[in-house]
Amino acid sequence: MVKKLSAEDRLRLTQALASWESWREGPKQLPELITQLGGESNLSFIVSDGARRWVLRLNNLQRDSGINRDNERLALEAAHGAGISPLPSFHSSELLVTPLLVGPQATLEN
C-alpha cells in the first residue's frame, strides 16, 4: 500500500526508478513499486523487477537534518567490508537503494 504522495515526491520516485540501469547487480527491467515502508525522516519503498526486491529510499532533502550522507555511505561500505551487510546497490545525495533483506528483525530485547 502506498500513501498518497505529493506531486514532488511522485516525480522524485519516478526519477529514482529511472536510475535502475545504474544499480549494482541491478534489475533486469524497470522495477515496479510494491509497497511503501514507514519512516520518520525519509520516504522508503519496496520495489521489484519480478525476480528480486530492493528498498529504495528517497532521502530527506532538508540540509539541516543532522544527517551526513557521505558518512552514512562510508558506514554502509564499512559494514559490508566487515561482512555484516550487503553493499548498497546505488546511492546518491537524493536516494539510496539496497537489496531487501528478509528475516526476523532485531530488537533491543534480542
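## Working through the sheet

Strand 2 (residues 43-48) and strand 3 run antiparallel to each other and pair over 6 bridges. Strands here are DSSP runs of E with at least two residues, helices are runs of H or I with at least four, and both are numbered from the N terminus. Two strands count as paired if DSSP finds at least two bridges between them.

A bit of housekeeping: this is a predicted model, with pLDDT of at least 70 needed for local features and 80 or more for side-chain atom pairs, while totals for chains, interfaces and linings use all residues. Numbering starts from 1 along each chain as its sequence is written, and side-chain values use heavy atoms, with hydrogens and water left out.

**Exercise 1. Trace the register between strand 2 and strand 3, then work out what sits between them.**

Step 1: Start with Leu43, which stands opposite Leu58 in strand 3.

Step 2: Move on to Phe45, whose bridge partner in strand 3 is Leu56.

Step 3: Next up is Ile46, which is bridged to Val55 of strand 3.

Step 4: Now look at the turn. The hairpin of strand 2 and strand 3 has 4 residues between the strands, and Gly50 takes a positive phi near 100 degrees there.

**Exercise 2. Put the strands of the sheet in order and find its edges.**

Step 1: Take the strand 1 (32-37) end. Strand 1 pairs with strand 2 in the antiparallel sense over 5 bridges, and Gln36 faces Phe45 of strand 2. A hairpin of 5 residues joins these two strands.

Step 2: Go to the other side of strand 3. Strand 3 and strand 5 (95-99) are antiparallel partners too, over 5 bridges. Here Leu58 has Leu95 as its bridge partner in strand 5.

Step 3: Put it together. The 5 strands make an open sheet, ordered 1-2-3-5-4, with antiparallel pairing. Strand 1 and strand 4 (90-91) are the edges: each has a single partner strand, so one side of each has no neighbour in the sheet.

**Exercise 3. Are strand 2 and strand 3 mostly buried or exposed?**

Step 1: Fix the cut-offs. Buried is under 20% relative accessible area, exposed is over 50%, and partly exposed is in between, using a 1.4 Å probe and protein chains only.

Step 2: Count for strand 2. Of its 6 residues, 5 are buried, so strand 2 is largely enclosed by the rest of the structure.

Step 3: Count for strand 3 (residues 53-58). This strand is mostly covered, with 5 of 6 residues buried.

Step 4: Zoom in on Trp54, a member of strand 3. Trp54 counts as buried because its relative accessibility is 0%. Its C-alpha is 5.6 Å from that of Thr98, although the two are 44 residues apart in sequence.

**Exercise 4. Map the surroundings of Asn59, and see where Arg12 comes in.**

Step 1: Place both residues. Asn59 belongs to the loop between strand 3 and helix 2, whereas Arg12 is part of helix 1 (residues 7-17).

Step 2: Check burial. Asn59 is buried because its relative accessibility is 1%. Arg12 is at 14%, so it counts as buried as well.

Step 3: List the polar contacts (pairs of N or O atoms within 3.5 Å; within protein, one must be able to donate a hydrogen and the other to accept it, and residues adjacent in sequence count only if both atoms are side-chain atoms). The side chains of Asn59 and Arg57 are joined by one of 2.8 Å. The Asn59 side chain also reaches the backbone oxygen of Ser92 at 3.5 Å. As for Arg12, a polar atom of its side chain lies 2.7 Å from the backbone oxygen of Asn59.

Step 4: Widen the net to contacts, meaning heavy atoms within 4.5 Å. Leaving out residues up to four places away in sequence, Asn59 touches Arg12, Asn42, Arg69, Ser92, Ser93, Glu94, Leu95 and Leu96. Under that kind of exclusion, Arg12 is in contact with Leu58, Asn59, Leu61 and Glu94.

**Exercise 5. Which residue has a positive phi although it is not a glycine?**

Step 1: Find the angle. Glu25 has a positive phi of about 45 degrees.

Step 2: Locate the residue. Glu25 is in the loop between helix 1 and strand 1.

Step 3: Check the surface. Glu25 has a relative accessible area of 63%, so it is exposed.
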